[in-house]
Amino acid sequence: MTTPLLPTLQNLPATLSLEGAISIELQEGIPIFRASSIVQNRITALLAKQQISPLNSEEEQELDSYEEIDDYLSFINRLARNILQNSNNQTV
């Protein structure tokens with residue numbers, strides 16, 4: 001089995017507090033990584049503001065960075081699920 005390379009992140013949002021930025025939940029014995037409620041609230045606020053008026057360049061960059069982080073976490077979660085499923089299929 002070939003493991004795909006992790007996508008690279010170019011930067012993190014300046015407003016992202018590294019402490020408590022990610023939450024971990026167990027689903028079917030697999031750790032699932034998600035943005036914390038604080039980060040989710042910030043994304044919601046930026047999206048709501050974007051509906052009313054254009055975001056300034058710093059806000060656009062922040063939202064883009066959060067999207068990259070979401071893509072990264074989704075990739076990690078898919079990889080963890082695939083590894084577990086493959087190991088379960090090989091032991092059957």
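**View 1. Long-range contacts and overall form of the chain.** In this predicted model, residues 24 or more positions apart account for 54% of the contacts in the chain with a separation of 6 or more, where contact means heavy atoms within 4.5 Å. The chain holds two helices and two strands, and from the N terminus on these elements run β-β-α-α; helices (H or I, at least four residues) and strands (E, at least two) are DSSP runs, numbered from the N terminus. The radius of gyration of the chain is 16 Å, whereas a compact globule of 92 residues would have one near 12 Å, the value being taken over C-alpha atoms and the globule rule being 2.2 Å times the number of residues to the power 0.38. Along the principal axes, the C-alpha atoms fill a box of roughly 55 × 25 × 25 Å.

**View 2. The largest nonpolar core.** Ten residues form this core, namely Leu16, Ala21, Ala35, Val39, Leu46, Leu55, Leu63, Tyr66, Ile69 and Leu73. Helix H1 (37–52) and helix H2 (57–91) are the elements that give two or more residues to this core, and H2 gives the most, with four residues. A nonpolar core is here a set of buried Ala, Val, Leu, Ile, Met, Phe, Trp, Tyr and Cys residues joined through side-chain atoms within 4.5 Å; buried means under 20% relative accessible area, exposed over 50%, and partly exposed in between (1.4 Å probe, protein chains only). Not counting residues up to four places away in sequence, Val39 touches Leu16, Ala21 and Tyr66. Buried residues make up 22% of the 92 residues in the chain.

**View 3. Glu28 in the loop between the strands.** Glu28 lies in the loop between strand S1 (22–27) and strand S2 (30–35), and its phi is near 55°, a positive value in a residue other than glycine. Most residues other than glycine have a negative phi. Glu28 counts as exposed because its relative accessibility is 73%.

**View 4. Ile76 in helix H2.** Ile76 is found in helix H2 and counts as partly exposed, because its relative accessibility is 23%. The C-alpha atoms of Ile76 and Lys49, which are 27 residues apart along the chain, are separated by 29 Å.

**Notes to all views.** Residues are numbered from 1 along each chain as its sequence is written, and side-chain values use heavy atoms, with hydrogens and water left out. Local features need pLDDT of at least 70 and side-chain atom pairs count only at pLDDT 80 or more, while totals for chains, interfaces and linings use all residues.
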